[in-house]
Amino acid sequence: MNCIIVDDEPLAREGILLHLQGIPDIVILGSFNSARKAHDFISNNPVDLIFLDVEMPGINGVNFAASLPKEILVIFVTAYSEYALESYEADAIDYLVKPVERERLERAIAKAFFYRGLLDKQGITESIESDFILIKAERRYHKIFFDDILYVQGLKDYVVIFTENNKIVTAMNLKTISGYLKPGRFVRVSKSYLVNLKRIDSFDVHTIYIKNAEIPIGEVFKRAFFEIYLGKNLPDSL
């Protein structure tokens, strides 16, 4: 996977570069101190993955990520944990807080390779029935019962359907697939996630927990989620 590093701090760029050395199938094409320089490079070179800081002079990392082609994946690397939700709203693969440990970086890269594989083997929705959906992926038709869906994650122009034992990708956006799922059962909780209300294990004000997944709740969707899930009107102070 062809990668670049974008961070206005020289030591941060050098640290990521040192961690990346020796990781199989990672090719570092360049290192840049601004989004503008990175944009110029991307215009003329094939880039698959960007390690991107958030707070930078000029265009910040979140806005830059939102402007990228759908094929380019982003891992945010920043000193500020409070931007985590915004990063997922920008369809980031992962969000790392400095100082970054190599093991944590390797897990983020593994996730990027996983999603790259999904995008290369994209499926297509073939049929919607009363209690299941048929998805074509990897030359097979997958029958997915709504009850088995844990949650759905949007990734640029694709969605990934997570079930107990599988992950299926199809070329549609989150808004489109939400129209196919049972109303009142599946709820949009952020720009990037739909959840099956029956599969929620626990939650707090900011996060929903389903199995091992931690799903952020977007501010725009928070009130609607809690009112639907708890079945009552909530105070304005939420």
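How many of the residues of β10 are buried? In this predicted model, 6 of the 6 residues of β10 are buried, so the strand is largely enclosed by the rest of the structure. The legends below begin with this strand and its partners and then turn to the open sheet.

**View 1. Strand β10 is covered on both of its faces.** On one side of the strand lie Tyr 158, Val 160 and Phe 162, and on the other lie Val 159, Ile 161 and Thr 163, all of them buried. The strand itself spans residues 158-163.

**View 2. Ile 161, a residue of strand β10, and its surroundings.** The relative accessible area of Ile 161 is 1%, and the residue is therefore buried, the cut-off for this term being under 20%. When neighbours within four places in sequence are left aside, the residues in contact with Ile 161 are Ile 135, Ile 144, Ile 149, Tyr 151, Val 152, Asn 166, Lys 167, Ile 168 and Ile 177. One of these contacts, Ile 144, is 17 residues apart from Ile 161 along the chain, and the C-alpha atoms of the two are separated by 9.1 Å.

**View 3. Strands β9 and β10 pair in the antiparallel sense.** Strand β9, made up of residues 149-155, is joined to β10 over 6 bridges, and within this pairing Gly 154 has Val 159 of β10 as its bridge partner. The two strands form a hairpin with 2 residues between them, in which Lys 156 takes a positive phi near 55°.

**View 4. Strands β10 and β11 form a hairpin with 3 residues between the strands.** Here β10 runs antiparallel to strand β11 (residues 167-170), to which it is joined by 4 bridges. Phe 162 has Lys 167 in β11 as its bridge partner; Lys 167 is also among the residues in contact with Ile 161.

**View 5. An open sheet of 5 strands shows parallel pairing in the order β2-β1-β3-β4-β5.** The edges are occupied by β2 (27-32) and β5 (94-97), each of which has a single partner strand, so that one side of each is left without a neighbour in the sheet. From one strand to the next, the twist averages 20°.

**View 6. Strands β1 and β3 run parallel, joined by 4 bridges.** Strand β1 comprises residues 2-6 and strand β3 residues 49-52, and in this pairing Cys 3 stands opposite Leu 49 in β3. Helix α2 (residues 35-42) packs on the sheet, where it touches β1, β2 and β3, and the direction of this helix makes about 160° with that of β1.

Terms used: Residues numbered from 1 in each chain as written. Predicted model: local features only at pLDDT ≥ 70, side-chain atom pairs only at ≥ 80, totals over all residues. Heavy atoms only, no water. Pairing = 2+ DSSP bridges. Axes fitted to C-alpha atoms, helices over the stretch in contact; angles between N-to-C directions. Contact = heavy atoms within 4.5 Å. Buried < 20%, exposed > 50% of the residue type's maximum accessible area, 1.4 Å probe, protein only.
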